[in-house]
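The exercises that follow ask you to read a structure step by step, from the whole chain down to single residues. Please keep the sequence and the model open while you work through each solution.

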Amino acid sequence: MGILLLAPDRDLRGLVQQLHRQAPDLALYLWPQTQPHPDIDFALCWNPPAGVIEQFSSLKAVTSLGAGVDALLDPAVVPSHLPIGRISGPELALDMARWLIAQITSHWLQLDQFRQQQIDKDCRTWAPTEAPLIGLLGIATIGASCARQFQSLGLRVEGWNRSGHGPSQVPMHLGAQGLHDLAARADYLICLLPLTNSTRGILDRSLFKAMRPGSVLINVGRGQHLVEADLLTALDAGQPALAILDVFQQEPLPTGHPFWSHPRVRVSPHCAAISQDEEVARLLLDSYRRVQAGELPLGAIDRQAGY
Ligand code: GLV
């Protein structure tokens, strides 16, 4: 029995080392070198091409290498009978929180401006007043962990999701009106949503119209959450005043894309939270043990809901 590693655009050498270290007897099969084999009963996937998984007919389940499962929902990619899990542990959530805190505090504390003032030998000073309000769209495991970290720094947090339920210390908003209410209150509006049919294009002109003038949009969900043309128009109107984007409709972001040189857009190459090999190996082995025991993989999703 063994695990298929099916992640064509990822360098898996560190993960393979970790898996060998943590489970020396485990059989690993790397795609595309491996042909279908009756011993392969579990697969770790990242952007797998359509039509490959169905060839491995002995699979009992698959798991995403990361938190997002949107690339696995199409039955042509993962046949409908296979349960889908995800690998999203506390380290990944901390990674995300650190990145978001760096972006938010750097903007709030105007660190770019002081860099410019140093160049200009300008001694004007500035002190932050009220802590900003962070609006979190999507507040499951990663969002809840980020909310805790933000609050530990005295930042205010409110959330929005489909159920309207979130961690007890986070005031929540619900429904289409709740989304706009939160957008109207937040100084930083962060998209951490899963990509589903109901969240695709959720960051659009109507949401931007509801945002506070001077506020900042941060997208660390998926590029398909954002209507890019609507954002470019909205930035001209100052709502939002700045967009910090880690994910894009097309990745890598094409060299001719207007985001690269837009003065009110900050881009990074989908690196806000990167799964660490040690954690992925540990959670993958845990998930594999569950599947071998006839249980669902770790973080099993509801295919209907899409997360
Ligand atoms: C990253 O994008 C992930 O889904 O973990």
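Helices (H or I, at least four residues) and strands (E, at least two) are DSSP runs, numbered from the N terminus. This is a predicted model, in which local features need pLDDT of at least 70 and side-chain atom pairs count only at pLDDT 80 or more, while totals for chains, interfaces and linings use all residues. Residues are numbered from 1 along each chain as its sequence is written, and side-chain values use heavy atoms, with hydrogens and water left out.

**Exercise 1. Describe the overall build of the chain.**

Step 1: Begin with the secondary structure, which consists of eight helices and twelve strands. The radius of gyration (taken over C-alpha atoms) is 21 Å, close to the 19 Å that the globule rule gives for 307 residues, so the chain is as compact as a globular protein of that length. That rule is 2.2 Å times the number of residues to the power 0.38.

Step 2: Turn to the extent of the C-alpha trace, which spans about 70 × 45 × 40 Å along its principal axes.

Step 3: Consider burial, where buried means under 20% relative accessible area, exposed over 50%, and partly exposed in between (1.4 Å probe, protein chains only). Of the 307 residues, 47% count as buried.

Step 4: Examine the contacts, defined as heavy atoms within 4.5 Å. Among those between residues at least 6 apart in sequence, 61% join residues at least 24 apart.

**Exercise 2. Locate three salt bridges and state how accessible their partners are.**

Step 1: Recall that side chains of opposite charge can pair when their charged atoms come close. A salt bridge here is a side-chain nitrogen of Lys or Arg within 4 Å of a carboxyl oxygen of Asp or Glu, and the structure holds twelve of them.

Step 2: Take Asp 41 and Lys 60, whose closest N and O atoms are 3.6 Å apart. This pair links distant parts of the chain, since Asp 41 lies in strand E3 (residues 40-45) and Lys 60 in the loop between E3 and strand E4 (61-64), 19 residues apart. Asp 41 counts as buried at 2% relative accessibility, whereas Lys 60, at 42%, counts as partly exposed.

Step 3: Compare the bridge between Asp 95 and Arg 98, with closest N and O atoms 3.3 Å apart. Both residues belong to helix H2 (residues 90-108), three residues apart, or about one turn of the helix. Asp 95 is buried at 15% relative accessibility, while Arg 98 is partly exposed at 46%.

Step 4: Finish with Arg 212 and Asp 187, where the closest N and O atoms are 3.2 Å apart. Here too distant parts are linked: Arg 212 is in the loop between helix H6 (205-210) and strand E10 (216-219), and Asp 187 is in the loop between helix H5 (175-185) and strand E9 (188-191), 25 residues apart. Arg 212 counts as partly exposed at 34% relative accessibility.

**Exercise 3. Which residues surround Leu 182 and Gly 178, leaving aside neighbours within four places in sequence?**

Step 1: Place Leu 182 in helix H5 and note that it is buried, with a relative accessible area of 0%. Its contacts include Gly 135, Leu 136, Leu 137, Glu 158, Gly 159, Trp 160, His 173 and Leu 189. The C-alpha atoms of Leu 182 and Leu 136 are separated by 8.7 Å, although the two are 46 residues apart along the chain.

Step 2: Place Gly 178, which also lies in helix H5 and counts as buried at 5% relative accessibility. Gly 178 is in contact with Trp 160 and His 173, and the C-alpha atoms of Gly 178 and Trp 160 are 7.2 Å apart across 18 residues of sequence.
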